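Trainee: Could you take me on a close look at the second largest pocket of this model, and then at the other spaces around it? I would love to hear what lines each of them.

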Amino acid sequence: MNWFVTESPRPAWIARRSYAPWLVIATVCFGAFMGQLDASIVTLAFPAMSDHFHANPEWISLSYLITLVALLVPMGRIADRLGRKIVYIYGFAVFTGASIACVYAPGFDALIAARVAQAVGAAMLQANSVALVITAVAPEQRRKALGVQAAAQAAGLAAGPLLGGYLTEHHGWQAVFAINVPIGLVAMIAGHYLLPRTKTKPEKGKPTWRVLPGLVGVLLAYAALFAPMTLLPFTMKQPLAHIGFTTAALPLGFAVAATLLCKPGIRTGVLITAIAVILPVPQVFQLVTAGVGLGIVAPACTKRVMAALPEASAGVGSGLVNVARGLGTALGVAVATALIHTFQ
């Protein structure tokens, strides 16, 4: 049974290619895209799920996020010791299976249980994502690679509201979970062939205080990203397709900045985000501009965190970054939900 917990190498003809590191990044982007697609696509289906189950929809997100945050660092440590590739591939398998369980959930409790299972798979993916990125490329390319990975997350966030509105309106809320299945199957195949063996010998010692400012920056960036995305479907009085288009503007700006704007620093990103709030322009342009600012802040803070840790602890660092992302997301959802209940 050693094959069950042993990482398989890439085919030699892939490993020899000069672009092999970027194939790793592309594979990681599957997980980044799928995780954030799932997190954002359900926001448009909240009203439909609430009507179907006659239950509070916020637990559909919060049960997922709480489980995810609790498991990220332990999963990162397991991946550092067991192997990041094998944990990543099994993460896709768990997430995909749990998505099927969400589709066929007979009741609200069963849906919450399936969401918790999804979060276990997502933790296995996210605890490895940043570690796989920074260990795949040369140090001088890490900021760009992290930007691409963050852009894939933002693309998932942008696609979520667009697809969520369409799928819920035409195929029911179950379709927002079913869409994960083909993505997960393709990602498992890609991971098997494109990811290298990654097991490393862990170094002793704990993360230093130098990671804290970066983690706080990541947390606040994701809170600012998710609060409007949760709030808009409940406050806008337009068709779901129009709401999805408007909501997608925020992560779209994030994706563009994360991919293309590698030079500006954290202060510049914060300034752009602050200016977006007071710009006298239509809401969709405000959201795009705020997304650009956040797309500068998040990858820069992530790079600062990972630079403070030894490479052998990259899984733990990746887990910490994603804890900050998850806490920020949960904070954004919680604040938006409180505002909805306060003013409705």
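Mentor: Happy to! In this predicted model, helix H9 gives the most to the lining of the second largest pocket, with 5 residues. The lining is made up of Val216, Gly217, Leu220, Ala221, Ala224, Ile266, Gly269, Val270, Thr273, Leu294 and Val297. Besides H9, the elements that give two or more residues to it are H11 and H12. The space inside comes to about 150 Å³. Sorted by class, its lining holds 8 nonpolar and 3 polar residues, with no charged ones.

Now set the largest pocket beside it. That pocket holds about 230 Å³ of space, and its lining consists of Ala224, Pro228, Leu232, Leu250, Thr273, Ala276, Val277, Gln283, Gln286, Leu287, Ala290 and Leu294. Look for Ala224, Thr273 and Leu294, which appear in the linings of both pockets. The helices that each supply at least two residues here are H9 (211-235), H11 (266-278) and H12 (283-307). For this pocket the largest share, 5 residues, comes from H12. Charged residues are absent once more, with 9 nonpolar and 3 polar residues in the lining.

From the open pockets, let us turn to the enclosed spaces. A search of the whole structure turns up 2 cavities of 30 Å³ or more. The largest cavity, with a volume of about 70 Å³, is lined by Gln36, Ala39, Tyr64, Leu65, Leu68, Gln126, Phe226, Asn322, Arg325, Gly326 and Thr329. Two or more of these residues come from each of helix H2 (20-53), H3 and helix H13 (314-343), and H13 gives the most, with 4 residues. In this lining you will find 5 nonpolar, 5 polar and 1 charged residues.

The second largest cavity has a volume of about 40 Å³. Around it sit Ala39, Ser61, Tyr64, Leu65, Arg115, Phe226, Thr329 and Val333. Ala39, Tyr64, Leu65, Phe226 and Thr329 belong to the linings of both cavities. H3 and H13 each supply at least two residues to the second largest cavity, but here H3 gives the most, with 3 residues. By class, the count is 5 nonpolar, 2 polar and 1 charged residues.

Arg115, from that lining, also leads us to Phe177. Leaving aside neighbours within four places in sequence, Phe177 is in contact with Asp38, Val42, Met49, Ser99, Cys102, Val103, Leu111, Arg115 and Gln118. Phe177 is also one of the residues with the most contacts inside the largest nonpolar core, along with Met49, Leu111 and Phe254. This core has 101 residues, and helix H5 (residues 108-136) provides its largest share, 16 residues.

Helix H3 deserves one more stop, at Gly76, which lies within residues 58-82 of that helix. Gly76 counts as buried because its relative accessible area is 0%. Beyond its neighbours within four places in sequence, Gly76 is in contact with Ala127, Gly315 and Val316. Gly76 and Val316 are 240 residues apart along the chain, yet their C-alpha atoms are separated by 4.6 Å.

Finally, a word on confidence. The protein chain averages a pLDDT of 83, and 94% of the residues score at least 70. Confidence is highest in helix H4 (residues 84-103), at 92, and lowest in helix H10 (residues 240-260), at a mean of 80.

Conventions. Residues numbered from 1 in each chain as written. Predicted model: local features only at pLDDT ≥ 70, side-chain atom pairs only at ≥ 80, totals over all residues. Heavy atoms only, no water. 1 Å grid on protein atoms, 1.4 Å probe; cavity = no way out; pocket = protein on both sides within 12 Å on 5 of 7 lines; lining within 4 Å. Points joined across faces, edges and corners; volume = space filled by probe spheres on them. Nonpolar A, V, L, I, M, F, W, Y, C, P; charged D, E, K, R; others polar. pLDDT = per-residue confidence, 0-100. Core = buried A, V, L, I, M, F, W, Y, C linked by side-chain atoms within 4.5 Å. Buried < 20%, exposed > 50% of the residue type's maximum accessible area, 1.4 Å probe, protein only. Contact = heavy atoms within 4.5 Å.
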